[in-house]
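Reader: I am new to reading protein models and would like to go through one step by step. Could we begin with the overall picture and then turn to particular residues?

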Amino acid sequence: MPRKESPSREFDTAIRVLCAYPAGQDDFRPAVKSRTAKELGWTFVIEENIAVAAAAGKLDFSQPMPPVPAGPIGDVIAAYQKSHRDAVARVQALGDVDFSRPTAFPVGPRSMGERRLADVL
């Protein structure tokens, strides 16, 4: 979500792919080192939540990221849709000045630094 006006093309594509995933194959991996579609979808949820926290100036990486839910991929899709709606609403509520303000963001292993909010989103 790099800009306030940016379309949600990536979200639309990701949702189409996740929704087209065959039922009952939540644990399928195209290769041994690949993630499942459910794991990738959960990564998208985490990223959207990070965007909301960054926009609020409340990033906290002191706790581990929540694990992938045990339910079906449909639960992850619903969480992704909700987190995306929340992120879009939060970003659209920001003013132009907000995009230029500094916010704390990881800049290296166990290291936080200041970045412009627009660069983080």
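Author: Certainly. A term is needed at the outset: a residue is called buried if its relative accessible area is under 20%, exposed if it is over 50%, and partly exposed in between. Please also keep in mind that this is a predicted model.

Reader: What share of the 121 residues counts as buried?

Author: In this protein chain, 30% of the 121 residues count as buried. The accessible surface of the chain comes to about 7,900 Å², and 56% of that surface belongs to carbon and sulfur atoms.

Reader: How many helices and strands are there?

Author: The chain has five helices and two strands. Along the sequence, they follow the pattern α-α-α-α-β-β-α. The C-alpha atoms fill a box of roughly 45 × 30 × 20 Å along the principal axes.

Reader: And of the contacts with a separation of 6 or more, what part comes from residues 24 or more positions apart?

Author: Such residues account for 62% of those contacts. One pair of aromatic rings offers an example of parts that are distant in sequence: Phe44 sits in helix H2 (residues 37–56) and Tyr80 in helix H3, 36 residues away.

Reader: How many aromatic pairs does the structure hold?

Author: It holds two aromatic pairs. In one of them, Phe11 and Tyr80 meet edge-to-face, with 5.0 Å from centre to centre and 65° between the planes. Phe11 belongs to helix H1 (residues 9–19) and Tyr80 to helix H3 (residues 73–92), so this pair ties together parts that lie 69 residues apart in sequence.

Reader: Are Phe11 and Tyr80 buried or exposed?

Author: Both Phe11 and Tyr80 are buried. The other pair consists of Phe44 and Tyr80, which are tilted, at 5.4 Å centre to centre and 40° between the planes. Phe11, Phe44 and Tyr80 therefore appear in one aromatic cluster.

Reader: Why does Tyr80 count as buried, and what about Phe44?

Author: Tyr80 counts as buried because its relative accessibility is 5%. Phe44 has a relative accessible area of 25%, so Phe44 is partly exposed.

Reader: Which residues does His84 touch?

Author: Leaving aside residues up to four places away in sequence, His84 touches Ser8, Phe11 and Glu48. His84 is in helix H3, and its relative accessible area of 9% makes it buried. Phe11, one of these neighbours, is also a member of the aromatic cluster.

Reader: Let us change topic. How do strands E1 and E2 run?

Author: Strand E1 (residues 102–108) and strand E2 (residues 111–116) run antiparallel and are joined by six bridges. One partnership is that of Thr103 with Arg115 in E2.

Reader: What lies between E1 and E2?

Author: The two strands form a hairpin with two residues between them. Arg110, in the turn, has a positive phi of about 50°.

Reader: Where is Asp60, and how far is it from Phe105?

Author: Asp60 is found in the loop between H2 and H3, and it counts as exposed at 51% relative accessibility. The C-alpha atoms of Asp60 and Phe105 are 9.2 Å apart in space, while the two residues are 45 apart in sequence.

Reader: Which residues form the nonpolar patch on the surface?

Author: Phe61, Met65 and Met112 form the patch, with about 260 Å² of accessible area together. Phe61 lies in the loop between H2 and H3 and is partly exposed, at 33% relative accessibility.

Reader: Finally, how many salt bridges does a search of the whole structure find?

Author: The search finds four. Among them, Glu39 and Arg29 meet through their side chains at 3.1 Å, N to O. Glu39 is in helix H2 and Arg29 in the loop between H1 and H2, ten residues apart.

Reader: Which other residues meet in salt bridges?

Author: Arg101 and Asp98 meet at 4.0 Å, N to O, and Asp119 and Arg116 meet at 3.0 Å, N to O. Arg101 is partly exposed at 25% relative accessibility, and Asp98 is partly exposed at 25%. Arg116 counts as partly exposed at 40%.

Definitions and conventions
Residues numbered from 1 in each chain as written. Predicted model: local features only at pLDDT ≥ 70, side-chain atom pairs only at ≥ 80, totals over all residues. Heavy atoms only, no water. Phe/Tyr/Trp six-rings, centres within 6.5 Å; stacked < 30°, edge-to-face > 60°. Helix = DSSP H or I, 4+ residues; strand = E, 2+ residues; numbered from the N terminus. Buried < 20%, exposed > 50% of the residue type's maximum accessible area, 1.4 Å probe, protein only. Pairing = 2+ DSSP bridges. Patch = residues over 30% accessible without salt bridge, like charges linked within 9 Å, V, L, I, M, F, W, Y side chains within 5 Å. Areas by Shrake-Rupley, 256 points an atom, 1.4 Å probe, with all protein chains shown as cover. Contact = heavy atoms within 4.5 Å.
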